[in-house]
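Reader: Please take a close look at the salt bridges of this model, and describe how the charged side chains are paired and how far they are buried or exposed.

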Amino acid sequence: MSEQHPESVGAENSAGNPITPGSQASFGTYRRQPVSFVRRGTRLQGRRQQAWDEHADAFVVDVPRQVADTSVHPDYVFDAEAEFGRKAPLVVEIGSGLGEAIVAAAEANPERNFLAVEVYRPGLANTLLRIGQRGLTNVRVAQANAPEVLGSMLPAASVRELWVFFPDPWHKTKHHKRRLVKDSFADLAARVLEPEGLWRLATDWSGYAQQMRDVVAASPAFRNGHDGELAGATSPLTAAWASGVDCEPTGETDDVGGWAPRFEGRVLTSFENKALKAGRVIFDLTAVRV
């Protein structure tokens, strides 16, 4: 489905309210700001198509659209209790990829509900395949753009944990504006997290890790759950600066720290394993909603 300009959609939503950048997150996401992803193929084949056919009705959230095939209608609000048939802590993963992390976590934590948010249908189909193989009932998947999910689809203060693991680093300087984790995203994360809720982040790019740390530090809605920890010689940033695996080797020491120990609830995915084999350093951050 091709993207449309706001002018071609109409001036009011279904409730009769004027559509503004505030009420229609799609406009800001798709036109007024650069998106954090590029379009990829959506065709399903083989086991993925079979998984979609068998499990979509039960586990894919039927998100109403307005602007594009990953947009969220501004009037739609996700009802987790109705969707899961129970009231339980909700964990949301933004950019769930092939579903390795969230499905493993859901299997290990049956008392929690999990929502996988991803823009790529093949990734969601792979997640459905894993759900079916394990016979899980506490996972739902949504094909939707993250800022709209956090800005309007999820009710305020409804999420216990928000996960953003290994988002696209957009490592070229001219592409940094496309990075997902920035000050505006922190505002959206703060909106959906309940008090003392956790925003967990991970990346294997030192420059992006610094940006994530700065975003958390700059937000009045969060405190770093590991402020000052893993600094100096124990800092993963110090290790990255020594190795030069993804930057110029400076030999400097990170005296700020603030890094979390590796999140034990994140299974070692194929992506993270490749990063480790390539000698890359993994950075974890945990921000606490104040």
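Author: A residue is called buried when its relative accessible area is under 20%, exposed when it is over 50%, and partly exposed in between (1.4 Å probe, protein chains only). The model is predicted: local features need pLDDT of at least 70, side-chain atom pairs count only at pLDDT 80 or more, and totals for chains, interfaces and linings use all residues. Residues are numbered from 1 along each chain as its sequence is written, and side-chain values use heavy atoms, with hydrogens and water left out.

Side chains of opposite charge can pair when their charged atoms come close. A salt bridge here is a side-chain nitrogen of Lys or Arg within 4 Å of a carboxyl oxygen of Asp or Glu, and the rule yields 12 salt bridges.

Among them is a network that links Arg262, Arg266, Glu272 and Asp284. Within this network, Arg262 pairs with Glu272, with 3.0 Å between the closest N and O atoms. This pair links distant parts of the chain, 10 residues apart: Arg262 lies in the loop between α9 and α10, and Glu272 in helix α10 (helices are DSSP runs of H or I, at least four residues, numbered from the N terminus). Arg262 is partly exposed at 35% relative accessible area, whereas Glu272 is buried at 2%. Glu272 also forms a salt bridge with Arg266, the closest N and O atoms being 3.2 Å apart. Arg266 counts as buried because its relative accessibility is 2%.

Another salt bridge joins Asp254 and Arg213 (3.1 Å, N to O). Asp254 is in the loop between α9 (236–243) and α10 (270–277), and Arg213 is in helix α8 (residues 206–218), 41 residues apart. Asp254 is buried at 2% relative accessibility, and Arg213 is buried at 10%.

Technical notes: Helix = DSSP H or I, 4+ residues; strand = E, 2+ residues; numbered from the N terminus.
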